[in-house]
Amino acid sequence: MKPYNEISAALTERLKDFFTKNWPVKLLSLVFAMLLWGYVMTETNPDRMKTITDIPVSFSGENDLHDRGFAVRGDHSEILRSITARVSVELTKYTSLDASDISATVSLRSISNPGTYRLKINSTCADGTIRSITPSELVVEVDELATRIVPIEVEYSGELPEGYWKGEPTLGSQTISVSGPADDVSTVSKAICTIDLEERTSSCNESILLKYVDVNGDEVNSALFLNQLPSVVVKMDVMRVITVPVNAEAAVLGGDSLAANYEVYDIVSTPPTVRIAGPEDILSEITGIDIEQIDVSGSNASVQVPVTLTTPEGTILLDEPAATIYVDIREKQETVQLQGMTVEIRGLEDGLTAELSKTECDIAITGRISHMRRLERKDVTIYADLTGLVPGTYEVELGVAVPDQTMQTELGWTLSVPKVTVTVKE
């Protein structure tokens, strides 16, 4: 028996001969074998098994079911869950086969009464043979088809930015028709249109999705009904707001043609300002609200006039369209200066004497011309009222008296010495 080393050496030598001798012939044989194998596989195209997931399922004959007066209850997206299929497919189509190549439907054509049904899922594949699907059937509840008309109400979310105004929304329809299974339709009380005001600075003219609610205000899933995306077209003005004055002074005429010695003392509008909403290009040109003219020519008394407010075309007045203009017409005033008027003492108790720090005072009297023309120096008295004072030193404010009570109320004056120091002695 040959030793191990000799056997190993002999084997190595044979392998070396195999890979180094006649190698072109051997390489050609390998290539030929591969070509032959590819030809055989292409010609015979054997089937392979492939598992496809997430295959969508749909109903067939649902419109016919509706025509018969019935409808499937529930959210279709929950009822028609996707399925998994095992498909026998030719090798050449194995890679490209996916869920889009498979049709899975549930037929509703045999249903003619309300109830709960277990229905088979029918599946086909154009590029292969379906061996099995999971699940293979589904449970469907069928109810009578009903229709109900419900009102649409508007709600708002958020608030408009400061300085903006919204008008009342106009809906394309005040109601909406809800169709679907009778039990579900009966729960719907109304439809809510929610208009989002947050950061809105332009008018609304768009379709807004609705939500159904029950009598308690709880939302009802719209997917339960035939119209699963109910909506309504909403139009609503949104415009910027400015506050402008009522141009009252510019409206008053005849201020220089009043009765003799009368003048316009003040012009007041109530309210003094109003709010206007409108497009930016119009608002930028508005500085105030013009009103009809008020002629006060020849007047010798104040005038109060109601006026109607109107705004430029394309704008909206947000306040009351009325104002009251008060034209305060007064007799002109003049001032008379009286100098060196003696300060009298009044109210001093018997047995007491008083000394004043100032015994004379100048006075400037202002009032209506009609009063001032009648006022004489002898009619004016400046006095220090010492009523109730006991011996001591006091600072006393000087008073002014005129014989006419109307003058006493209306005239104004300024004293050169408003206070004096009084020393009362026994």
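Leaving aside its neighbours within four places in sequence, Ile121 is in contact with Val57, Ile83, Ala104, Thr105, Val106, Ile133, Pro135, Ser136, Glu137 and Leu138. These contacts come from a predicted model, and they introduce a residue that belongs to the largest nonpolar core, a set of 27 residues in which Ile55, Phe59 and Ile121 touch the most other members. Two or more residues of this core are given by each of strand S1 (47-55), strand S2 (57-60), strand S3 (70-72), strand S4 (83-90), strand S5 (102-107) and strand S9 (137-157), and S4 gives the most, with 4 residues. A second core, separate from this one, has 26 residues, among them Leu356, Met372, Ala384 and Leu386.

Another part of the model is strand S16, which spans residues 231-236 and has side chains that alternate along its length. Val232, Val234 and Met236 point to one face and are buried, whereas Ser231, Val233 and Lys235 point to the other face and are not buried. In a regular strand, the side chains alternate between the two faces of the sheet.

The pairing of S16 with two other strands is set out below.

| Strand paired with S16 | Sense and bridges | Bridge partners |
|---|---|---|
| S11 (residues 170-171) | antiparallel, 2 bridges | Leu171 and Val234 |
| S14 (residues 204-213) | antiparallel, 6 bridges | Ile208 and Val232 |

Read together with the alternation, the table shows that Val234, the bridge partner of Leu171, and Val232, the bridge partner of Ile208, are both among the buried residues of S16.

Notes: Residues are numbered from 1 along each chain as its sequence is written. This is a predicted model: local features need pLDDT of at least 70, side-chain atom pairs count only at pLDDT 80 or more; totals for chains, interfaces and linings use all residues. Side-chain values use heavy atoms; hydrogens and water are left out. A nonpolar core is a set of buried Ala, Val, Leu, Ile, Met, Phe, Trp, Tyr and Cys residues joined through side-chain atoms within 4.5 Å. Buried means under 20% relative accessible area, exposed over 50%, partly exposed in between (1.4 Å probe, protein chains only). Contact means heavy atoms within 4.5 Å. Two strands pair if DSSP finds at least two bridges between them.
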